[in-house]
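Please open the structure in a viewer and keep the sequence panel in sight. The stops below say what to select next and what is found there.

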Amino acid sequence: MKQVEINQRKLPADYNPATFDPTEHLSPPSERVWGLVDEVSGLTLVEVAELSSIIMKRLGMTERPMVGVMKPGAAGLAAAMKGPEAATQEEKKPEKTVFELKLESYESAQKIKIIKEVRSFTDLGLKEAKDLVEKTPAVFKMGVSKEEAEQIIDKMKTVGAKVVME
């Protein structure tokens, strides 16, 4: 099958590959195309199969293209049909590299120190940091690497806070 190179400059300004309808931006089909549509739509299934195999040979295709539409909820059925070894491969998730830090609890006597530490790890102001600490449990840092998260957890433990990595 030929690869078509797309000139990005000729795409519409509102181009979105997920919602793009190529027929929307083209001129109307010619009379020749409408004639072909009328002829093809009048073929029987046997004739369509013959036409398909002839076109595939002419284009040099060896396998029929796979086109499928899955109904909602059919993903589990598809995984079951692949076999148990394929299902276990799909279930293995890649190791998480980005984490969120959640303040679970803290010693009330250490509240001021904890607010200061939260401010040092985030770009929160005093009031926002205080509100966050008071509405514990709350996520106070997102998009953190594992090493950085472990350092922050250690620092928060030393001031009397319980922080978990999610």
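Begin with the open sheet, in which three strands pair in the antiparallel sense in the order E2-E1-E3; strands here are DSSP runs of E with at least two residues, helices are runs of H or I with at least four residues, and both are numbered from the N terminus. Two strands count as paired if DSSP finds at least two bridges between them. E2 and E3 are the edge strands, each pairing on one side only. On average, neighbouring strands of this sheet are turned by 25° against each other, direction ignored; the axes are lines fitted to C-alpha atoms, and angles run from 0 to 180 degrees between N-to-C directions.

The model is a predicted one, in which local features need pLDDT of at least 70, side-chain atom pairs count only at pLDDT 80 or more, and totals for chains, interfaces and linings use all residues. Residues are numbered from 1 along each chain as its sequence is written, and side-chain values use heavy atoms, with hydrogens and water left out.

Next, select residues 99–106, strand E1, together with residues 138–144, strand E2: four bridges join these antiparallel strands. Here Leu101 stands opposite Lys141 of E2. Then add residues 161–165, strand E3, which pairs with E1 over five bridges, again antiparallel. Across this pairing, Leu103 faces Val163, and Tyr106 has Ala161 as its bridge partner.

Stay in strand E1 and select Lys102. Which residues does Lys102 touch, leaving aside those up to four places away in sequence? They are Pro137, Ala138, Val139, Phe140, Lys162, Val163, Val164 and Glu166, where a contact means heavy atoms within 4.5 Å. Although Lys102 and Pro137 are 35 residues apart along the chain, their C-alpha atoms are separated by 6.7 Å.

Now show the side chains of Lys102 and Glu166, which meet in a salt bridge of 3.7 Å, N to O; the term requires a side-chain nitrogen of Lys or Arg within 4 Å of a carboxyl oxygen of Asp or Glu. Glu166 lies in the segment after E3 and Lys102 in E1, so the pair ties together parts that are 64 residues apart in sequence. Glu166 is partly exposed, at 36% relative accessible area; buried means under 20%, exposed over 50%, and partly exposed in between, with a 1.4 Å probe and protein chains only.

Move to helix H6, residues 126–134, where Asp131 and Lys127 are four residues apart, about one helical turn. The closest N and O atoms of their salt bridge are 3.2 Å apart. Is Lys127 buried or exposed? Lys127 is exposed, at 58% relative accessibility, while Asp131 is partly exposed, at 33%. In the same helix, Lys130 and Glu134 are also four residues apart, and their salt bridge has its closest N and O atoms at 3.0 Å. Add Lys111 to the selection: Lys111, Lys130 and Glu134 are linked in a network of salt bridges.

Finally, select Val40, Leu43, Val48, Leu51, Ile55 and Leu59, a nonpolar surface patch with about 460 Å² of accessible area together. Such a patch joins nonpolar side chains (Val, Leu, Ile, Met, Phe, Trp, Tyr) within 5 Å, from residues with over 30% relative accessible area and no salt bridge; accessible areas come from the Shrake-Rupley method with a 1.4 Å probe. Helix H2, residues 45–59, gives the largest share, four residues. Val40 belongs to helix H1, residues 31–41.

Definitions and conventions
Patch = residues over 30% accessible without salt bridge, like charges linked within 9 Å, V, L, I, M, F, W, Y side chains within 5 Å.
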